[in-house]
Amino acid sequence: MFNLLGKIFFFKHPLVKAARSGDSKMLIVRLCETQVFVYTSGNYDDGLPEDLSQDEVLKILEQEAERADKEESFELYTYSKAGIEYLPFFTSRKKAENYCRALVHETNRIYSLLSVEISGLHLMVLADDSLQLIMNDMSDDAYLFSDEDRAVIKSLKPEET
């Protein structure tokens with residue numbers, strides 16, 4: 001019901017609104033206050049082999065789910081495009097699912113991506129400076145973090161010794 005009302009009144013997630021405002025500090029404050037969804041890195045981040053049977057695909061997906069369930073920690077899923085390493089994250093589980101659908105459609109491959117909910121603050125801690133953050137990738141409200149946004153994040157991280 002809430003999703004329907006949101007669509008009727010063009011509801012935008014507070015993090016999306018902050019990104020569109022152009023105020024990097026406000027965006028990072030909102031990110032720190034928000035739960036986001038990320039994908040965990042697995043054994044098939046580039047997609048499953050194309051020559052698998054349906055039974056083989058199901059077996060791999062089950063194995064990946066079991067592997068993820070047993071692990072106490074995880075690595076974030078990233079992808080590389082034109083020499084840049086991207087870290088996609090999403091404001092809702094539905095946005096994360098839509099990304100996976102779009103990825104499957106774009107590449108014509110099956111992926112075993114597992115989404116998890118984490119705090120935006122945890123995301124900032126996990127994301128190193130070499131990664132380009134992109135919110136709601138492959139959607140109408142995708143937002144690529146600017147250099148200014150990344151500078152604000154970097155200024156909040158403790159100095160490494």
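Where is the place of Met138? Met138 sits in the loop between β5 and β6.

The model is predicted, so local features need pLDDT of at least 70, side-chain atom pairs count only at pLDDT 80 or more, and totals for chains, interfaces and linings use all residues. Residues are numbered from 1 along each chain as its sequence is written, and side-chain values use heavy atoms, with hydrogens and water left out.

**Exercise 1. Describe the packing of α2 against α3.**

Step 1. Two packed helices are described by the angle between their axes and the distance between the axes. Helices are DSSP runs of H or I with at least four residues, strands are runs of E with at least two, and both are numbered from the N terminus. Axes are lines fitted to C-alpha atoms, for helices over the stretch in contact, and angles run from 0 to 180 degrees between N-to-C directions.

Step 2. The axes of α2 (residues 14–21) and α3 (residues 24–33) come within 8 Å and cross at roughly 165°. α2 is therefore roughly antiparallel to α3. Angles under 35 degrees count as roughly parallel, over 145 as roughly antiparallel, 65 to 115 as roughly perpendicular and the rest as oblique.

Step 3. The crossing of α2 past α3 is left-handed. A crossing has this hand if the near helix is turned anticlockwise from the far one by less than a right angle, and is right-handed if clockwise.

Step 4. On the α2 side, the contact (heavy atoms within 4.5 Å) is made by Pro14, Leu15, Ala18 and Ala19, and on the α3 side by Met26, Leu27, Arg30 and Leu31. By class, these residues are seven nonpolar, no polar and one charged. Here Ala, Val, Leu, Ile, Met, Phe, Trp, Tyr, Cys and Pro count as nonpolar, Asp, Glu, Lys and Arg as charged, and the others, Gly among them, as polar.

**Exercise 2. Repeat the analysis for α3 and α7.**

Step 1. For α3 and α7 (residues 147–156), the axes come within 9 Å and cross at roughly 55°. α3 is therefore oblique to α7.

Step 2. This crossing of α3 and α7 is right-handed.

Step 3. Ser24, Lys25, Leu27 and Ile28 of α3 meet Glu148, Asp149, Val152, Ile153 and Leu156 of α7. The contact of α3 with α7 divides into five nonpolar, one polar and three charged residues.

**Exercise 3. Trace the strand pairings of β5 and β1, and state how each strand is covered.**

Step 1. In β5 (residues 132–135), Gln132 and Ile134 on one side and Leu133 and Met135 on the other are all buried, which covers both faces. Buried stands for under 20% relative accessible area, exposed for over 50%, and partly exposed for values in between (1.4 Å probe, protein chains only).

Step 2. Two strands pair if DSSP finds at least two bridges between them. β5 pairs with β3 (residues 84–90) in the parallel sense over four bridges, and Tyr86 has Gln132 of β5 as its bridge partner.

Step 3. β5 and β6 (residues 143–144) run antiparallel and are joined by two bridges. Ile134 is bridged to Leu144 in β6.

Step 4. β1 (residues 35–40) is largely enclosed by the rest of the structure, because five of its six residues are buried. β1 pairs with β4 in the antiparallel sense over six bridges, with Gln35 opposite Ser119 in β4.

Step 5. β1 also runs antiparallel to β3, with two bridges joining them. Phe37 has Phe90 of β3 as its bridge partner.

**Exercise 4. Find non-glycine residues with positive phi and give their surroundings.**

Step 1. Most residues other than glycine have a negative phi, and most peptide bonds are trans.

Step 2. Asn108 is not a glycine, yet has a positive phi of about 60°. Asn108 lies in the loop between α5 (93–107) and β4 (114–119) and is exposed, at a relative accessible area of 67%.

Step 3. Met138 also is not a glycine and has a positive phi of about 60°. Its relative accessible area of 31% makes Met138 partly exposed.

**Exercise 5. Locate Tyr79 and list its contacts beyond four places in sequence.**

Step 1. Tyr79 belongs to β2 (residues 79–81) and counts as buried, at 17% relative accessibility.

Step 2. Leaving aside neighbours within four places in sequence, Tyr79 is in contact with Ile84, Glu85, Tyr86, Pro88, Tyr99, Ile134 and Asp137.

Step 3. Tyr79 and Gln132 are 53 residues apart along the chain, and their C-alpha atoms are separated by 9.9 Å.
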